[in-house]
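Thanks, everyone. I'll go through the DNA surfaces and then the pockets. Please have the model open.

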There are 2 protein chains.
Amino acid sequence: MLSLHQLTCFLATYEHGSLTAAAEELGYAQPSVSEQIRGLEKSLGVPLFRRVGRGVVPTTVADTLRPHAERVLAAVDDAQRAVQSAKSFETGTIRFGMFGTARLYAGAGLVADVLSRYPGVRVELIGQNSTDVQEDLRRGRIEAAMIAVPTVGSEGLDVTPVARDELVYISADPTHLESPVGASRLAQAALVMPETTWRADDSTRKVLRQMLLETGRNPQTRIEVEDVETAVELVGMGYADSVIPKGAALQLLPRLAPKAGWVSMRPRQYDMFAVVHRAGATLSPAARLMIELATKRIQEIADPIRPRGSG
Amino acid sequence: MLSLHQLTCFLATYEHGSLTAAAEELGYAQPSVSEQIRGLEKSLGVPLFRRVGRGVVPTTVADTLRPHAERVLAAVDDAQRAVQSAKSFETGTIRFGMFGTARLYAGAGLVADVLSRYPGVRVELIGQNSTDVQEDLRRGRIEAAMIAVPTVGSEGLDVTPVARDELVYISADPTHLESPVGASRLAQAALVMPETTWRADDSTRKVLRQMLLETGRNPQTRIEVEDVETAVELVGMGYADSVIPKGAALQLLPRLAPKAGWVSMRPRQYDMFAVVHRAGATLSPAARLMIELATKRIQEIADPIRPRGSG
DNA sequence: GGAAACCATAGGGATAACCTAGGGTTGTGG
DNA sequence: CCACAACCCTAGGTTATCCCTATGGTTTCC
């Protein structure tokens, strides 16, 4: 089998017209280069140099081989350069998982952060929902993610909470906002809730379900939609009220439901954002970068949870 | 140092998403592939696969590397193929068909051209006449040939005209050369004509037959010989006149018939030289070389016909 | 919970890479 | 014409690499 080392020796020999000179250039002893050339000739089945008196002379086959050999070594060089630049984030792709409402806090801004620091990279923020993201994590398609917890089945995953965000009650009816909303009023409310497809796993709904179950009531929703924006718009039109993270409310209400407002729950309820990755994994620099930037973004909007504290 | 073997293992692993499957494809034991990948990761300084439960998952750096690795291996493949086809010039035999008067233009010189470039090669210039050559082409005994056209039955053959040569009237009698020779004088002349055996297919004779038939006369020849040299010698001795391609006349008259001269026909008549090979065939480098050299030789003597032009 | 799939590690044998030392051949200079 | 210098080749030994089998640790799936 042909090897890069043989091609390197071949080119050096071709250019110098001498095994000794080639060996000197490459930092080997002359017999080593000689052996490489012989091996190459053997594996190709053709003599590449005629051994004449002083020095060696390339055959026509060597003439043919030379540009190809150069192309091979150039391709190898390109490959190494590409990897090195990807390693240092000059090029390449950075992939990060991000679920649900987290994208409202850190989506576009996070991508902007990465691109401003590493203009050459491609950024992929993937994941429609926490189940998807967990599956991607387990299969190794993504290395780390920022998701909302509590979430189902986190066995085998390291979950590091980084921020919490208060869940607030939003409504277009000012009378609904005069005082904090407790379980009883929540149970009677007509609600529009997002994340229909993933309703069983949605973290906000889990919090609400628990709040209601603790007081023996059943949750009900009048409208089911997929995305938070639609829910907020419906609230703005007065069709229903909703419960969403405060950060989302502050961001979306002015834009999508200018007449609506918000009020806290009683007791206050929280959504938790956490960094998640496979247990025991050593994170790549890219993953660490994304975690750092995403955490920063989210903590600017939601309440930070410091590594030692628990909430 | 990075090696081709590592890249091969890398690609197999990337495609299968599994070291075991890659090892099986490559015919190695699994730890061997594992070792190659580890070596590659070490020499690049970057993990290429995340070891994840069942199988391995490429990192984004691996995504970056893959097309480059493919390019490298493709370049190696090209190099080997190039060498293998060039090898035939060193040790093999180059066989080329060449008919009739074409050998006067390109015979010995053509062989010399090949041998000066490829000293180790054997050269066979074969073919006594166009019928022979066509048969050899059809049977695959020769790959390509340079022949004189028009010729019979060229179905299944690609015919590429490369040059034309004027047919001139040669004579040892100066009075015969005072003006261009038309059909009437040609019909009355005592001629010596070569290529007796193949007289029906000989291109020069075909041209003359047509010229005479158009004016309602019959061709006649006084002497029939096999080769042009003998015909020219007889012309030199004054036994007869002849009609041969101008290139042959310029080459043979001074040597074989110093007292003879030549004059054009009226209207001017031409022999056509063409490269012929099986229709749709992919020509070997050896055949392409011979075509190139033969074309060059002939075009130095006869009028070139460029690919686009027709006359 | 156990079997199956898969990767990592360990250890050993074959091969290849590389070195130093010395011999043979071809130009070159006295 | 002879000696020297420049090269390449061969020989033999050491070290590193390649590749194997055997085995242990995880994860996945039934």
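Start with DNA strand C: of its atoms within 4 Å of the protein, 80% are sugar or phosphate atoms and the rest belong to bases. Before going on, this is a predicted model, in which local features need pLDDT of at least 70 and side-chain atom pairs count only at pLDDT 80 or more, while totals for chains, interfaces and linings use all residues. Residues are numbered from 1 along each chain as its sequence is written, chains are lettered from A and ligands numbered from 1 in the order in which they are written, and side-chain values use heavy atoms, with hydrogens and water left out.

Around strand C there are 21 residues, and A:His5, A:Ala29, A:Ser32, B:Thr20 and B:Arg51 come nearest; a residue is near a strand if one of its heavy atoms lies within 4 Å of it. Which distances do the side chains keep to the phosphate oxygens of strand C? For an N or O atom in the side chain of B:Thr20 the distance is 2.4 Å, for one in B:Ser34 it is 2.7 Å, and a polar side-chain atom of A:Ser32 lies 2.7 Å from a phosphate oxygen. Two or more residues of this surface come from H3 of chain A, and likewise from helix H2 (19-26) and H3 of chain B. Helices here are DSSP runs of H or I with at least four residues, and strands are runs of E with at least two, numbered from the N terminus. By class, the surface near strand C has 6 nonpolar, 10 polar and 5 charged residues; Asp, Glu, Lys and Arg count as charged, Ala, Val, Leu, Ile, Met, Phe, Trp, Tyr, Cys and Pro as nonpolar, and the others, Gly among them, as polar.

Now DNA strand D. It is surrounded by 21 residues, the closest being A:Thr20, A:Ser34, A:Arg51, A:Arg54 and B:His5. Sugar and phosphate make up 75% of the strand D atoms that come within 4 Å of the protein. The side chain of A:Thr20 has an N or O atom 2.5 Å from a phosphate oxygen of strand D, and A:Leu19 places a backbone N or O atom 2.8 Å from one.

Last, the second largest pocket. Its lining has 19 residues, with A:Leu4, A:His5, B:Leu2, B:Ser3 and B:Leu4 nearest the centre. A pocket is an open set of points on a 1 Å grid over the protein atoms alone, where a 1.4 Å probe fits, with protein on both sides within 12 Å along at least five of seven lines; lining residues have an atom within 4 Å of a point. The lining divides into 11 nonpolar, 7 polar and 1 charged.

Conventions
Polar contact = N/O pair within 3.5 Å; in protein donor to acceptor, adjacent residues only side chain to side chain.
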